[in-house]
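Reader: Hello! I would love a close look at one part of this protein, with enough detail to follow it by eye.

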Amino acid sequence: MSQSNFIAQLLEIKDPNIKFSKVEDLKPTKKGIVFHFKVVHARLSYQLFHCLNCGFESLIKNGITLTKLRLTTLNGPMILMYLRKQRYFCKSCQITCGAHTPIVEKNHSYNRTQFCCL
Ligand SMILES: [Zn+2]
């Protein structure tokens with residue numbers, strides 16, 4: 001089992017389109033107080049064939065956007081996920097769209113359902 005699979009199992013993230021690359025510790029200091037964060041770096045990408053707006057097969061990959069997600073903590077430091085999401089561009093209708101994952105709602109930065117079952 002690869003390191004990416006271990007991170008996915010630990011965080012209970014079952015989306016196969018998310019590939020984890022590394023986990024690092026951040027200890028920023030603000031007004032003399034040291035905060036401790038675990039930062040999980042991951043990438044979300046999959047192949048889209050049809051445009052969601054016009055339906056033509058004219059989508060091309062168009063860069064990546066960085067999203068910072070807050071995940072539930074295991075036993076101490078806050079866990080952040082720096083998720084690099086694939087962007088797509090439609091050559092037919094000139095719109096852009098992005099990859100989505102079920103772990104967070106669209107335009108949200110953390111999953112509320114993770115907190116209800118604790
Ligand atoms: Zn289109």
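Which residues have the most contacts inside the largest nonpolar core, and how many residues does that core have?

Author: Happy to help! This is a predicted model, in which local features need pLDDT of at least 70 and side-chain atom pairs count only at pLDDT 80 or more, while totals for chains, interfaces and linings use all residues. Residues are numbered from 1 along each chain as its sequence is written, and side-chain values use heavy atoms, with hydrogens and water left out.

The largest nonpolar core has 23 residues, and those with the most contacts inside it are Leu11, Ile13, Ile18, Phe20, Met81, Leu83 and Ile103. Such a core is a set of buried Ala, Val, Leu, Ile, Met, Phe, Trp, Tyr and Cys residues joined through side-chain atoms within 4.5 Å; buried means under 20% relative accessible area with a 1.4 Å probe, protein chains only. Two or more core residues come from each of α1 (3-11), β1 (18-26), β4 (37-44), β5 (59-71) and β6 (78-90). The largest share, five residues, is from β6.

Now for the setting of this core. The protein chain has two helices and seven strands, in the order α-β-β-β-β-β-β-β-α along the sequence. Helices (H or I, at least four residues) and strands (E, at least two) are DSSP runs, numbered from the N terminus. Of the 118 residues in the protein chain, 33% count as buried. Residues 24 or more positions apart make up 51% of the contacts (heavy atoms within 4.5 Å) with a separation of 6 or more in the protein chain. The C-alpha trace of the protein chain spans about 50 × 35 × 30 Å along its principal axes.

Technical notes
Buried means under 20% relative accessible area, exposed over 50%, partly exposed in between (1.4 Å probe, protein chains only).
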